[in-house]
Structures are given as structure tokens and as C-alpha cells.
Amino acid sequence: MPGSYYGRLFPAHSLHFIHSSYSVHWRSQAPADLVSEFGSPLNKGHIYLARTTPKSVHEAYLDLFKRDMTLFLKSRSEELILGGRMMFTMIGRDASVNLSEDQVSNIYELLGMTISDMVQDVLLSTISVCFRDNACLLNASCELFRIRLSLFD
């Protein structure tokens, strides 16, 4: 089904079961204004929220995650029949673990360093690789739980 899953895709009350696998960790867009006063990207050189990423970038992605997930869950709830079920799988992280100790962060950091080396070695064009505003965010399960609870307010 073509379209963004951060909005309605199917008619109301038409689905018995919804399954989403490893898609909702991708954001709908990059947050706006992630540049310094001089115009350079705040998360320059990283494809992920790294240990050195400024707090303002973390907060911008967290805010976008909350909006995206609220819209995703609301849209899917409108598409489900009464008594329907939804299952989704996504990568997350333990909020109690510091980013510097997080294994998932380390994997993305290694991937980012590899891509950077390839760009420097002219194996990839810098035009084809965007090191800023990657729209992937792995959130702690507690953030998802807070969003779920807010839907019932």
C-alpha cells in the first residue's frame, strides 16, 4: 500500500490485524533547524545520535518521535475493527544505559565512521551520502509507553 504510515492508509474499521516490522523507527522527516548559527549541521559527521551529538538534536528527534508515534498509533487504531489486534516490532534501547555504553549506538557509530572513510577515499560521492539529519531514531521503550498512555487522556 503506497503512502506514509504516519497517516491513514486504510478505511476506518477495516483491518482485523496490523503488523509493522522495523519501520516505525524511521522518522517521517528530519527535524527542522538542526543547524548552527553559522549554517553547519549540528550533528555533522554522524548518521546517528552519537555521544557527541548536542542535546538540542536529541530533544528535536525525541519530540518528532512523539508526534510521529502518536499519529502512527492513532491512525492504526482508526483502521482496526473493534477487537482487532496490532503487533509491531522495532529496535529500541534501554533508557538507563548511557549512549557511550549502548551497543546499538556503537554499531551505528562504526557504520558512520566506515561511510566517512569511504567518502574520504572517494569510494562514495559526498553528494550521495547525507551525514546530517538521518531520520532514524531508536527510542527507549519508556517513551513509547508514555505516548501510548497519552492517547487515552
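**Aromatic cluster and nonpolar cores in a predicted model**

Phe-72 is buried, with a relative accessible area of 2%. I begin with this residue, and I should say at once that the model before you is a predicted one. The mean pLDDT of the protein is 76, with 67% of the residues at 70 or more.

Which residues form one aromatic cluster with Phe-72? They are Tyr-5, Tyr-6 and Phe-88. Across the whole structure, a search returns four aromatic pairs. In one of them, the ring centres of Tyr-5 and Phe-72 lie 6.4 Å apart with the planes at 90°, so this pair is edge-to-face. The pair joins distant parts of the chain, since Tyr-5 sits in the segment before β1 and Phe-72 in helix α1, 67 residues apart. Tyr-5 itself is partly exposed, at a relative accessible area of 27%.

Phe-72 also pairs with Phe-88: the centres are 5.9 Å apart and the planes stand at 80°, so this arrangement too is edge-to-face. Here helix α1, which holds Phe-72, is linked to strand β2 (residues 80-89), which holds Phe-88, over a separation of 16 residues. Phe-88 is partly exposed, with a relative accessible area of 24%. A core residue has to be under 20%, and therefore Phe-88, at 24%, does not qualify as buried.

Let me turn to the cores. In soluble globular proteins, nonpolar side chains tend to be buried together. The largest nonpolar core in this model has seven residues: Tyr-6, Val-24, Phe-65, Met-69, Phe-72, Leu-73 and Met-90. What does Val-24 touch, apart from neighbours within four places in sequence? Its contacts are Tyr-5, Tyr-6, Met-69, Phe-72, Phe-88 and Met-90. A second core, separate and made of five residues, includes Leu-34, Val-57, Ala-60 and Tyr-61.

Next, the backbone. Most residues other than glycine have a negative phi. His-13, although not a glycine, has a positive phi of about 50°. His-13 belongs to the segment before β1 (15-21) and is exposed, at a relative accessible area of 56%. Asp-33 likewise is not a glycine and has a positive phi, of about 60°. Asp-33 lies in the loop between β1 and α1 (55-79), and with a relative accessible area of 70% it is exposed.

Finally, a point on confidence. Over residues 129-133 the pLDDT stays under 50, and the model has 18 contacts beyond four places in sequence for this stretch.

How values were computed
Residues are numbered from 1 along each chain as its sequence is written. Side-chain values use heavy atoms; hydrogens and water are left out. Helices (H or I, at least four residues) and strands (E, at least two) are DSSP runs, numbered from the N terminus. Buried means under 20% relative accessible area, exposed over 50%, partly exposed in between (1.4 Å probe, protein chains only). A nonpolar core is a set of buried Ala, Val, Leu, Ile, Met, Phe, Trp, Tyr and Cys residues joined through side-chain atoms within 4.5 Å. Contact means heavy atoms within 4.5 Å. pLDDT is the predictor's confidence in each residue, from 0 to 100. Rings of Phe, Tyr and Trp (its six-membered ring) pair if their centres lie within 6.5 Å; planes under 30 degrees apart count as stacked, over 60 as edge-to-face and the rest as tilted.
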